[in-house]
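The following note is offered to a colleague who is meeting this structure for the first time. Please read the numbered points with the sequence and the coordinates at hand.

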Amino acid sequence: MYYYFEWFVAAFVLIVLVIILVKNIRVVQQARAFVIERLGAYSATWEVGLHFKIPLIERVAKVVSLKEQVVDFPPQPVITKDNVTMQIDTVLYFEITDPKLYTYGVEHPLTAIENLSATTLRNIIGDLELDQCLTSRDIINTKMRTILDEATDPWGIKVNRVELKNILPPREIQDAMEKQMKAERERREAILRAEGEKKAAILIAEGERESAILRADAKKQQQILEAEGEAEAILKVQTATAEGIKLINSSKPSAEAVRLRALEAFSAAADGRATKIIIPSEIQGLAGLVYGLKEIVSPVDEPKTQTN
């Protein structure tokens with residue numbers, strides 16, 4: 001009976017030892033780190049792999065995630081240089097680079113980072129005016145990241161990025177900004193409309209000027225062509241006259257033929273409407289010529305009827 005009891009006790013102890021052994025075997029996952037304390041003091045930092053913890057002597061003080069973490073802090077009231085109070089909330093991206101410093105560096109690291117970011121934001125915004133705050137987000141983000149990264153180095157934390165999520169000025173300031181933006185848009189619209197009207201007037205004036213120039217050129221060309229036509233006609237008439245005179249001279253006409261041509265010319269000049277005509281002295285001696293000219297120039301008198 002005693003023999004069976006010893007076997008029972010041995011089996012029980014063996015089972016307990018196996019359980020204790022299994023309980024103290026730890027596997028560290030990827031992107032994690034275990035901070036180990038031995039008898040209350042820091043002993044080691046376990047990284048990825050299989051590890052054995054000494055029972056009752058060592059303990060896992062903290063399991064630290066090495067992934068990049070994101071913390072969204074609630075809006076913080078800040079005052080600008082021109083005494084405008086507004087709400088700004090920030091988003092912080094950080095990662096733990098030293099699990100030991102993160103574990104023993106500061107109590108409640110996230111609370112410490114939140115308070116530090118709030119005070120840093122107030123200091124930066126206090127040196128800027130409202131318009132600069134709204135247009136200089138990149139500058140504010142860079143300054144905050146530099147200050148927070150330097151301040152959190154003793155805590156084993158690296159701040160990668162800081163972003164201003166929202167900037168909320170007071171409602172009356174927002175209304176004033178909207179009115180200002182509307183006025184600016186209306187001013188730009190008026191400027192664009194005036195520039196368009198100016199360009200249109202310039203184009204119309206240029207078109208009228210080009211049209212006037214083209215009309216003047218056309219009129220000029222017309223007058224030139226008409227003058228050239230008249231000159232050519234006169235030249236042809238004079239040429240024909242010269243040719244006629246030349247032919248007459250070459251034919252050696254008699255004096256009677258010349259006088260006859262002169263008489264025809266005078267007849268054509270009188271054309272039945274003239275009352276007087278001057279006859280050259282060369283043909284005054286011809287009584288018949290005078291009588292003929294009288295018949296051409298003067299209207300024929302009706303014969304008087306004799307009365308008995």
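1. The hairpin of β7 and β8 is a convenient place to begin. Five residues lie between its two strands, and N83 takes a positive phi near 60°. It should be kept in mind throughout that this is a predicted model.

2. The pairing within this hairpin is antiparallel, with four bridges between β7 and β8. One point of register is given by Q76, which stands opposite I88 in β8.

3. Which residues of β7 are buried, and which are not? The side chains alternate along the strand: Q76 and V78 point to one face and are buried, whereas P77 and I79 point to the other face and are not.

4. I88, the residue opposite Q76, deserves separate attention. Leaving aside residues up to four places away in sequence, I88 touches P74, P75, Q76, V78, L121, I125, L164, N166 and I167.

5. I88 also belongs to the largest nonpolar core, which has 29 residues. The residues with the most contacts inside this core are M86, I88, L92, L121, I125, I140 and M144. At least two residues of the core come from each of β8, α3, α4, α5 and β9. A second, separate core has five residues, including V28, I36, W46 and V60.

6. Helix α3 comprises residues 109-125, 17 in number. From its first C-alpha to its last it reaches 24 Å, close to the 24 Å expected at 1.5 Å a residue.

7. Where does α3 contribute buried residues, and what covers them? The buried positions are P109, A112, I113, S117, A118, T120, L121, I124 and I125. Their cover includes β7 (76-79), β8 (85-96) and β9 (157-168), together with the helices α2 (99-104), α4 (130-135) and α5 (137-151).

8. Strand β2 (residues 32-38) is mostly covered, five of its seven residues being buried. With β5 (residues 58-65) it runs antiparallel, and seven bridges join the two strands. Within that pairing, F34 has V63 as its bridge partner.

9. Strand β2 also pairs with β3 (residues 41-46), in the antiparallel sense and over five bridges. Here I36, a member of the second core, stands opposite A44 in β3. The two strands form a hairpin with two residues between them, and L39 in the turn has a positive phi of about 55°.

Key:
Residues numbered from 1 in each chain as written. Predicted model: local features only at pLDDT ≥ 70, side-chain atom pairs only at ≥ 80, totals over all residues. Heavy atoms only, no water. Buried < 20%, exposed > 50% of the residue type's maximum accessible area, 1.4 Å probe, protein only. Pairing = 2+ DSSP bridges. Expected span 1.5 Å × (residues − 1). Contact = heavy atoms within 4.5 Å. Core = buried A, V, L, I, M, F, W, Y, C linked by side-chain atoms within 4.5 Å.
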